[in-house]
Amino acid sequence: MFVIIIFALLLGYSNARGLTVSFKYAIDSFAPQTPQLAWQIEADDPCQSITLSYPKDLKNACYITRVKNEVIKCQLSLPYTKRGCYKLKPIKIASNYPFGLVSVWSYIQPNKAVYVYPSIIKTTNQKHQNLVANNTDEGTEKHKGDDEFESLITHLPEMGLQRISWKHYAKTQQLLVKQFSDFKSADAQFDFNLVTGDTEQRLGQLCFLVFQAFESDINYSLKLPNKLITTNSGKLHHQRCLQALSQVGNDNE
């Protein structure tokens, strides 16, 4: 038996030697879905029975039967379902090859936090819904300007001749002036105090509004009990708002 164990130890070490496990990125989630970590695994020589696991969570462990002459990609689910920001704990990489008699392992500590965002809840707050609707193409505010042709109006002496529509003059013998409009939108602000319900319901509604604003590509700000995110737009602003929503009154480790 002693000889078998020594032989198993040598095989176990040889099996894991040359194995490369790389953390790629985190995939945040919306409660109650769990976030995930994306990994890339490769080996110089054939490697068998590899397990990636999170502390105290063997149920969601990622098991790879064999790594050989190719890059293996896998996703490790994390045991977090409640809204919050979570600092990652060390990830265990282990092999029980051969026979399950011995275990060879190591740890990786990704310098990363994962977020579980609030559950998305459609808001019934008409004021907030109008803020988004009034900034879409259908609800954009019009201002006199030079951007887009809108209509023809009667020429007045003080208007000059630059905008006279000579084409219409040739047809009607009337001096008509082209009027243009700027299409500008007012910035939207989503306020925690202007939605109803308990904390989670309010955060869920704000999450819904942030998504609507992001998809409509409009400028918006977010006002939370302990934080104000100033007006901006785009993917990074969207992510920053979602992360702020996930951390309201919540200090998970």
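In this predicted model, Ser221 is placed in strand β14, which covers residues 220-224. With a relative accessible area of 6%, Ser221 falls under the 20% limit and is therefore buried. Its surroundings come from two other stretches of the chain: beyond the neighbours within four places in sequence, Ser221 is in contact with Ala188, Gln189 and Phe190, and also with Ile229, Thr230 and Thr231. For Phe190, the separation along the sequence is 31 residues, while the C-alpha atoms of Ser221 and Phe190 are 6.2 Å apart in space.

Two of these contact partners, Ile229 and Thr230, turn up again around His237. His237 belongs to helix α5 (residues 235-246) and, at 6% relative accessibility, counts as buried because that value is under 20%. Leaving out residues up to four places away in sequence, His237 touches Tyr220, Ile229, Thr230 and Asn232.

It helps to set these local views against the whole chain. The protein chain holds five helices and 15 strands, and buried residues account for 36% of its 253 residues. Among contacts with a separation of 6 or more, 62% are between residues 24 or more positions apart.

The nonpolar interior can be described next. In soluble globular proteins, nonpolar side chains tend to be buried together. Here, the largest nonpolar core has 25 residues, and those with the most contacts inside it are Leu37, Trp39, Ile41, Leu52, Ile64 and Val114. Two or more residues of this core come from each of β1, β3, β4, β5 (57-67), β6, β8 (91-95) and β10 (113-117). A second, separate core of 24 residues includes Ala213, Tyr220, Ile229 and Leu245; of these, Tyr220 and Ile229 are also touched by His237. Back in the largest core, Ile64 is in contact with Ile41, Ser49, Ile50, Leu52, Ile72 and Cys74, once its neighbours within four places in sequence are set aside.

Several strands that contribute to the largest core also build a sheet. Strands β1, β3 and β6 form an open sheet in the order β1-β3-β6, with antiparallel pairing. Strands β1 (19-27) and β6 (72-77) each have a single partner strand and stand at the edges, so one side of each is left without a neighbour in the sheet. On average, and ignoring direction, neighbouring strands of this sheet are turned by 25 degrees against each other. Between β1 and β3 (residues 36-43), which run antiparallel, there are eight bridges. Across this pairing, Ser22 stands opposite Gln40 in β3.

Strand β4 (residues 47-54) holds Ser53, which at 8% relative accessibility is buried, since the value is under 20%. Apart from neighbours within four places in sequence, Ser53 is in contact with Leu58, Ala61, Leu76, Ile91 and Lys92. The charged end of Lys92, in turn, sits over the ring of Trp105, 5.4 Å from the ring centre. Strand β4 is also home to Ser49, one of the contact partners of Ile64.

Aromatic rings make further links. The structure holds seven aromatic pairs. In one of them, the ring centres of Phe30 and Phe211 are 5.6 Å apart and the planes meet at 50 degrees, so the pair counts as tilted. This pair links distant parts of the chain, with Phe30 in strand β2 (residues 29-30) and Phe211 in helix α4 (residues 199-216), 181 residues apart. Phe30, at 25% relative accessibility, is partly exposed because that value lies between 20% and 50%, and Phe211 is likewise partly exposed, at 22%. Together with Tyr115 and Tyr117, Phe30 and Phe211 are joined by ring pairs into a cluster.

Finally, some backbone features deserve a look. Most residues other than glycine have a negative phi, and most peptide bonds are trans. A cis peptide bond, with omega of about 5 degrees, joins Ala31 and Pro32; Pro32 is in the loop between β2 and β3. Ser49 has a positive phi of about 55 degrees, although it is not a glycine. Asp217, also a residue other than glycine, has a positive phi near 55 degrees. Asp217 is found in the loop between α4 and β14 and, at 60% relative accessibility, counts as exposed because the value is over 50%.

Terms used. Residues are numbered from 1 along each chain as its sequence is written. This is a predicted model: local features need pLDDT of at least 70, side-chain atom pairs count only at pLDDT 80 or more; totals for chains, interfaces and linings use all residues. Side-chain values use heavy atoms; hydrogens and water are left out. Helices (H or I, at least four residues) and strands (E, at least two) are DSSP runs, numbered from the N terminus. Buried means under 20% relative accessible area, exposed over 50%, partly exposed in between (1.4 Å probe, protein chains only). Contact means heavy atoms within 4.5 Å. Two strands pair if DSSP finds at least two bridges between them. Axes are lines fitted to C-alpha atoms, for helices over the stretch in contact, and angles run from 0 to 180 degrees between N-to-C directions. Rings of Phe, Tyr and Trp (its six-membered ring) pair if their centres lie within 6.5 Å; planes under 30 degrees apart count as stacked, over 60 as edge-to-face and the rest as tilted. A charge sits over a ring if NZ of Lys or CZ of Arg is within 6 Å of the ring centre and within 35 degrees of the ring normal. A nonpolar core is a set of buried Ala, Val, Leu, Ile, Met, Phe, Trp, Tyr and Cys residues joined through side-chain atoms within 4.5 Å.
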